[in-house]
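These are my notebook entries on one protein structure. I record what I looked up, entry by entry.

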Amino acid sequence: MSRPIQAHIDPSALEHNLQMVRRVTAARVMAVIKANGYGHGLLRVAEALSAAEGFALLDIQDALRLREAGYRQTILLLEGVFDADDMVLAAQHDLTCVLHSAWQIELLDACPRALDVWLKINTGMNRLGFAPQQVAQVMERLRRHRAVRDITLMTHFANADEARGVADPLALFNAVAAPYRLPRSLGNSAALLRYSQTHGDWVRPGIMLYGASPFADTSAKQLGLRPAMTLSSRIIATQQLRAGDEVGYGALFRAGHDMRIGIVACGYADGYPRHAPNGTPVSVDGQSTSTLGRVSMDMLYVDLTAIPDADVGSKVVLWGEGLPIEQVANAAGTISYELMCALTARVPVRY
Ligand SMILES: *Cc1c(COP(=O)(O)O)cnc(C)c1O
């Protein structure tokens, strides 16, 4: 038998979450499947979300894999291409390129045929995109360019999941886009759930498709989302501690009383966060308990004091079914996105 850790992916949860997107918007859905489908597996995610009108990702090789697998919908390269060779490939395979900087527009000259582009406008996040005052000039250039077919205007919000919201960048985007009768795309999961005025022609959900909430104050369950990934393993050893005994590297935990602990086959080399402190939630045989001690490369510790029936072989859920990933992320000082993406290649994925 192999090491008992596994990530279980439920495709029906992905389908359900896509339906939840449909329920809030009539816009076309650009399913964001970057970072190996947020760690869920590129091709399996694409299969479960094949009803989406488009797929968005970063790596052109992944985009070509989708084309090879037969997907005919829009495939958007979220950072565009990085050199002329890839611009040629993009055109040949009818990929849609984000254009976020002047140097990418130069690459269009290499195109053997025209392609669709999404012009990215920086409305205040100051990551990618042209400044609002550059847009008129860039638009003029794109409209005359023989390699440019359809243009969609896009932006990305920095605070859609925060109290600040989207009012200022939305107003700026609308003002910049007003002179053009072009399709628009603005919202990630947070914006599409909270601000229907951002829906435009294409929404770009990522995290909600995987069944996690983009908001700190609202759970996935409250949003009607179902988690698609469950990371589970088993207890492979137990230890009986006396008051004063210490646990693990750096003796990060010291028992205040006699207690029983379990050793779980899951560590940071599997993608579990090493910085998860004592008290991070975990579920053993369906009962809530918490981690203790420092997470090591291949193992971590859980408190079994209140679960006397748990023993070697007991099932441990690190996140997913019965234990929302956001709770684990909160305890570890990170977000669900990072946990999902951090799952490493050695963890077997089952569907
Ligand atoms: C990742 C990403 C999204 C999806 O964001 P979620 O918060 O996961 O919904 C949308 N748009 C862009 C440009 C992105 O990079």
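Entry 1, the second largest cavity. How do the residues of the lining of the second largest cavity divide into nonpolar, polar and charged? I found seven nonpolar residues, two polar ones and no charged ones. I note at the outset that the model is predicted. The lining is made up of His-40, Tyr-210, Pro-227, Ala-228, Met-229, Trp-319, Gly-320, Ile-325 and Met-340. For the space inside this second largest cavity I recorded about 40 Å³.

Entry 2, the largest cavity. I counted two cavities of 30 Å³ or more. The largest cavity holds about 50 Å³ of space. I listed its lining as Lys-120, Ile-121, Asn-122, Thr-123, Met-125, Arg-127, Leu-128, Thr-155 and His-156. By class, I entered three nonpolar, four polar and two charged residues for this lining.

Entry 3, the domains. I looked up how the protein chain is divided, and found domain 1 (11–210) and domain 2 (229–350). The centres of the two domains, taken over C-alpha atoms, are separated by 37 Å. I then turned to the contacts across the boundary. On one side are six residues of domain 1, and they are in contact with seven residues of domain 2.

Entry 4, the largest pocket. I recorded a volume of about 970 Å³ for the largest pocket. Its lining consists of 41 residues, and Tyr-38, Asn-188, Ile-207, Ile-335 and Tyr-337 are the closest to the centre of the pocket. Four elements each give two or more residues to this lining: helix 2 (34–38), helix 9 (189–194), helix 10 (325–331) and helix 11 (336–342). Helix 10 supplies the largest share, four residues. I sorted the lining of the largest pocket by class and obtained 22 nonpolar, eleven polar and eight charged residues.

Where does the largest pocket lie with respect to domain 1 and domain 2? I placed the largest pocket between domain 1 (11–210) and domain 2 (229–350), because both give residues to its lining.

Entry 5, the nonpolar cores. I found 114 residues in the largest nonpolar core, where Ile-33, Leu-108, Leu-119, Leu-153 and Trp-319 touch the most other members. The largest share of this core is the five residues from helix 1 (residues 11–24). At least three residues of this core come from each of domain 1 (11–210) and domain 2 (229–350). Apart from this core I noted another, of nine residues, including Leu-241, Val-247, Phe-253 and Ala-255.

I next looked at Leu-153 by itself. Not counting residues up to four places away in sequence, Leu-153 touches Leu-119, Ile-121, Met-139, Phe-173, Ala-177, Tyr-180, Leu-182, Pro-183, Arg-184 and Ser-185. I had already met Ile-121 in the lining of the largest cavity. Trp-319, for its part, had appeared in the lining of the second largest cavity.

Entry 6, Ser-296. I located Ser-296 in the loop between strand 15 (287–292) and strand 16 (300–303). Is Ser-296 buried or exposed? Ser-296 counts as buried, because its relative accessibility is 11% and the cut-off for buried is under 20%. Leaving aside neighbours within four places in sequence, I found Ser-296 in contact with Tyr-249, Gly-267 and Tyr-268.

Conventions
Residues are numbered from 1 along each chain as its sequence is written. This is a predicted model: local features need pLDDT of at least 70, side-chain atom pairs count only at pLDDT 80 or more; totals for chains, interfaces and linings use all residues. Side-chain values use heavy atoms; hydrogens and water are left out. On a 1 Å grid over the protein atoms alone, a cavity is a set of points where a 1.4 Å probe fits but cannot get out, and a pocket is an open set with protein on both sides within 12 Å along at least five of seven lines; lining residues have an atom within 4 Å of a point. Grid points are joined across faces, edges and corners, and a volume is the space filled by probe spheres set on the points. Ala, Val, Leu, Ile, Met, Phe, Trp, Tyr, Cys and Pro count as nonpolar, Asp, Glu, Lys and Arg as charged, and the others, Gly among them, as polar. A nonpolar core is a set of buried Ala, Val, Leu, Ile, Met, Phe, Trp, Tyr and Cys residues joined through side-chain atoms within 4.5 Å. Buried means under 20% relative accessible area, exposed over 50%, partly exposed in between (1.4 Å probe, protein chains only). Domain bounds come from an automatic or database domain assignment. Contact means heavy atoms within 4.5 Å.
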